[in-house]
Amino acid sequence: MSNIDQASSATIRKQNEYIELAQFYDLLMQAGYYDHQAFVNSLALILGSRTKILDVGIGTGLLTEQMLQVQNYEITGVDFSEEMLVKARRRLSDYNVKLLNLDIRDYPENESFQSIISSGGTICISHQDSGQYRLYSYCDDKLDHLSLLRKLYNLLEDDGLLIISIQGEHKNYSKAISEDITYSQEINYSGDYMTKWYTFSNEEKILSRQSVKLVVFDEIEMINSFTEVGFKSLGVDQSNKFYVFQR
Ligand SMILES: C[S@@+](CC[C@H](N)C(=O)[O-])C[C@H]1O[C@@H](n2cnc3c(N)ncnc32)[C@H](O)[C@@H]1O
């Protein structure tokens, strides 16, 4: 039995937990298609003097590592995928970061942060080819998303920022991520949901495959969901990499 099989049979699988994906996640993110350094520079400009940060869906800690190389941020990272956190703990062992295996929807509201970041994490925003923005949330439904936003609002200090990275439109494609491994993604929409299949394969076989299901909001619904719980929309940052909301 592989490590992945053992992990998934030992515990009950949570919806959208990154299990099969975790093994190849860093390879995909470090294949040259993402510029984490540029993200860090934009974040530094948005954050200004804010250093106490909650990262929701910290994953394997790739962005966090780069952030901590340039500034002494006080970061708490939350993720409910143990397979991703194992890598984050290893990567960030030399830094003073608090890493919690927790569903952010269960985070206790007994402290506050100057900023909350979701970089492709629990909440994602895409900039569609049409020019519109869309929001994708790792929540069960639209009401669940609203209660997550309420929690994030309560976890921010007054004037605190919720910073969400902007991705391109989700599309079907395949690309090489190493000499012999290809990554493919397939997108399907149904009602309020997008299902995204991630597949890693070599010439002979599929090495790993899993899907996630996210609830989708169009631009107007997206803005309304933030303002409904009290956030102000500050809009897109100068670099067009982040959408920013303020408590
Ligand atoms: C695409 S990864 C992004 C990781 C990281 N932020 C990065 O930039 O590479 C999304 C992460 O969000 C986590 N996640 C999604 N919903 C979550 C939730 N409700 N609570 C905690 N973590 C969650 C997943 O486990 C996964 O590790």
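Which strand does H127 lie in?

## H127 and its surroundings

H127 sits in strand β5, which covers residues 123-127. Keep in mind that this is a predicted model. H127 has 18 C-beta neighbours inside 10 Å, so it counts as partly exposed; a residue needs 20 or more to be called buried.

Leaving out residues up to four places away in sequence, H127 touches Y133, I166 and G168. As for S184, that residue is 57 residues away along the chain from H127, and the two C-alpha atoms are separated by 20 Å.

## The chain as a whole

The protein chain has 7 helices and 13 strands. For 247 residues, a compact globule would have a radius of gyration near 18 Å, and the chain's 17 Å agrees with that. Laid along its principal axes, the C-alpha trace spans about 55 × 45 × 35 Å.

Of the 247 residues, 31% count as buried. Take the contacts between residues at least 6 apart in sequence: 62% of them join residues at least 24 apart.

## The annotated stretch

UniProt, in an unreviewed entry, lists residues 53-127 as "domain: Methyltransferase". Over residues 53-127 the chain is 25% helix and 33% strand, and the C-alpha atoms at the two ends are 25 Å apart.

## The nonpolar core

Nonpolar side chains tend to be buried together in soluble globular proteins. Here the largest nonpolar core holds 49 residues, and the members touching the most others are L54, I116, L152, L162, I163 and I164. Strand β7, residues 156-168, gives the most to this core, with 5 residues.

Take I164, one of those well-connected members. Not counting residues up to four places away in sequence, I164 touches S118, I123, C124, I125, F242 and Y243.

## S115, a buried serine

Is S115 buried or exposed? With 25 other C-beta atoms within 10 Å, S115 is buried. Its place is in strand β4, which runs over residues 113-118.

Setting aside neighbours within four places in sequence, S115 is in contact with L47, R50, I53, G160, L161 and I163. I163 is also among the core residues that touch the most other members. F231 is 116 residues from S115 in sequence, with 13 Å between their C-alpha atoms.

## Around the ligand

How many residues surround the ligand? There are 22, and the closest are G57, G59, F80, S81 and Y138. The elements that give two or more residues to this shell are α4 (62-70) and β2 (74-79).

By type, the shell around the ligand divides into 10 nonpolar, 8 polar and 4 charged residues.

## Two positive phi angles

Most residues other than glycine have a negative phi. Which residue in strand β7 has a positive phi of about 70 degrees? That's D159, and it is not a glycine. D159 lies in strand β7, the strand that gives the most to the largest core, yet D159 itself is exposed, with 10 other C-beta atoms within 10 Å.

N240 is another non-glycine residue with a positive phi, near 65 degrees. N240 lies in a loop, between β12 (232-236) and β13 (242-246). Because N240 has 10 other C-beta atoms within 10 Å, it is exposed.

Notes:
Residues numbered from 1 in each chain as written. Predicted model: local features only at pLDDT ≥ 70, side-chain atom pairs only at ≥ 80, totals over all residues. Core = buried A, V, L, I, M, F, W, Y, C linked by C-beta atoms within 7 Å. Buried ≥ 20, exposed ≤ 12 C-beta atoms within 10 Å, placed from the backbone. Helix = DSSP H or I, 4+ residues; strand = E, 2+ residues; numbered from the N terminus. Contact = placed C-beta atoms within 7 Å. Near = placed C-beta within 6 Å. Nonpolar A, V, L, I, M, F, W, Y, C, P; charged D, E, K, R; others polar. Rg over C-alpha atoms; globule rule 2.2 N^0.38 Å. UniProt positions renumbered as here; feature names shortened; annotations may be inferred.
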